[in-house]
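Okay, everyone, thanks for coming. I'll put the structure up and then walk you through how its helices and strands are arranged.

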Amino acid sequence: MELRARKDQVESRLNCQKVSPARDVSSLLDDVKQGLLQEPRRLPAKYFYDDHGSQLFDRICDTQEYYPTRTEDALLESVAKDIIRHCQPEHLVELGSGTSRKTRRLFDACEAHDCTVKYWPFDVCEEMVKGASASLVDEYHWLDVNGLVGDYNAGLDHLPELEGRSLYVFLGGTIGNFAYAEGVAFLTELRESMSEDDMLLMGADRVKDEDVLNAAYNDKEGVTAAFNLNLLNVLNREVEANFNSDKFKHHAFFNQEQSQIEMHLIATEKQTVKLQALEEEILFEEGDSILTEISRKFTHSSLHEMLQEAGFVLSKHFSPENNYFSLVLASPSS
Ligand code: AVJ
């Protein structure tokens, strides 16, 4: 009986809904036509994350060289109480919530401040949202979780309207995957969907010693290389292509001028690749490259500037002593 009651209680705190796209987003096929059949060849970084790619990303976070995840997590742990005290949110809305691992730091701080938030994890992967939500209601007996399944690239207009102050959370440094103008556009859209009392908590990676940056994207175990090359498997499956991953190599480096890590796949020999679903072929010469990801690295002031451009005012900027990573807390400017 008791177990049964407990289970009902858990279920009443657990909900999930779909968020329909507010606008059309390009399909993988469109992006391949736009990005692969024309030069310079490039693809959006979001296609890395099929099941295998997501697992590889988790493994990247555990490599010795990849500092961002653990740096952000430690920083969040040390400043979470400050953030909650300052913001006093009633809702926590997380864009790209994934497994919600780091978000626990915020729930722990809520617990310490008797601040009862409702959590709205928003992610494209339904399984991920449901799995994370179920563990969270189990771990935090006071927490209400309402999962949101959808693509934040398709706009935020269809997010539920929330009453009371919301803290929007965008962690991991994913903002770095956007080119400057796209990043500003994304943040502007986010700001427009926020009420004036709401706040944004965002993580961003910082410019630092080039060797540290290069190592983080060239781990010795080769997990990042496998993650990059897995994109070819995604293409083989989704576009009926016949990429041979033995004929491409991972290449990642810090582009100083653009202040970004660039990941490329480089053809190691001349080859023709068929894309059956598009009835197309691509001829690669040895050394030809596909740009698969940019990961921009910010300075204190470039981060500030981007936020300002998107209509935010910075209220707090947290970084660890080595300045490897930033967490910013910002409000819509009135
Ligand atoms: C999840 C986008 C923040 O840019 O560092 C890790 C992805 N790519 N290693 C990043 C990634 C290669 C990561 N983000």
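**Helices and sheets, piece by piece**

Let's begin with helix H3, residues 51–61, and H9: their axes come within 9 Å and cross at roughly 160 degrees. H3 and H9 are therefore roughly antiparallel to each other, since anything over 145 degrees counts as that. The crossing of H3 past H9 is left-handed. Before I go on, keep in mind that this is a predicted model.

So which residues of H3 meet H9? On the H3 side we have His52, Gly53, Leu56, Phe57, Arg59 and Ile60. Facing them from H9 are Val223, Thr224, Ala226, Phe227 and Asn230. Sort the residues of that contact by class and you get 6 nonpolar, 4 polar and 1 charged.

Now stay with H9, which spans residues 223–238, and look at helix H2, residues 28–35. The axes of H2 and H9 come within 11 Å, and the crossing angle is roughly 115 degrees. That makes H2 roughly perpendicular to H9. Here, too, the crossing is left-handed. H2 brings Leu28, Leu29 and Val32 to the contact, and H9 brings Val234, Leu235 and Glu238. By class, the contact of H2 with H9 has 5 nonpolar residues, no polar ones and 1 charged.

On to the sheets. One open sheet has 4 strands in the order S2-S12-S9-S8, and its pairing is mixed. What stands at the edges of this sheet? Strand S2, at 41–42, and strand S8, at 248–255, each have a single partner strand, so one side of each has no neighbour in the sheet. Further in, strand S9 (residues 260–267) pairs with strand S12 (residues 289–296) in the antiparallel sense, over 7 bridges. If you want a spot to zoom in on, Gln260 has Arg296 in S12 as its bridge partner. And H9 turns up again: H9 packs on this sheet, touching S8, S9 and S12, and its direction makes about 60 degrees with that of S9.

There's also an open sheet of 8 strands, again with mixed pairing, in the order S1-S5-S4-S3-S6-S7-S14-S13. Strand S1 (14–18) and strand S13 (312–318) are the edge strands; each has a single partner, so one side of each is left without a neighbour in the sheet. Neighbouring strands here are turned by 20 degrees against each other on average, ignoring direction. Within that order, strand S6 (residues 166–170) and strand S7 (residues 199–205) run parallel, joined by 4 bridges. Phe170 stands opposite Met202 in S7.

Next, a hairpin. How many residues sit between S10 and S11? There are 4. In that turn, Glu279 has a positive phi of about 50 degrees. Strand S10, residues 271–275, and strand S11, residues 280–284, run antiparallel and are joined by 5 bridges. Lys274 has Glu281 in S11 as its bridge partner.

Last stop, the aromatics. Searching the whole structure turns up 18 aromatic pairs. One of them is Phe107 with Tyr119, an edge-to-face pair with 4.8 Å centre to centre and 75 degrees between the planes. Phe107 lies in helix H5 (residues 104–112) and Tyr119 in strand S4 (residues 118–123), so this pair ties together parts that are 12 residues apart in sequence.

That's my tour, so over to you for questions.

Methods. Residues are numbered from 1 along each chain as its sequence is written. This is a predicted model: local features need pLDDT of at least 70, side-chain atom pairs count only at pLDDT 80 or more; totals for chains, interfaces and linings use all residues. Side-chain values use heavy atoms; hydrogens and water are left out. Axes are lines fitted to C-alpha atoms, for helices over the stretch in contact, and angles run from 0 to 180 degrees between N-to-C directions. Helices (H or I, at least four residues) and strands (E, at least two) are DSSP runs, numbered from the N terminus. Angles under 35 degrees count as roughly parallel, over 145 as roughly antiparallel, 65 to 115 as roughly perpendicular and the rest as oblique. A crossing is left-handed if the near helix is turned anticlockwise from the far one by less than a right angle, and right-handed if clockwise. Contact means heavy atoms within 4.5 Å. Ala, Val, Leu, Ile, Met, Phe, Trp, Tyr, Cys and Pro count as nonpolar, Asp, Glu, Lys and Arg as charged, and the others, Gly among them, as polar. Two strands pair if DSSP finds at least two bridges between them. Rings of Phe, Tyr and Trp (its six-membered ring) pair if their centres lie within 6.5 Å; planes under 30 degrees apart count as stacked, over 60 as edge-to-face and the rest as tilted.
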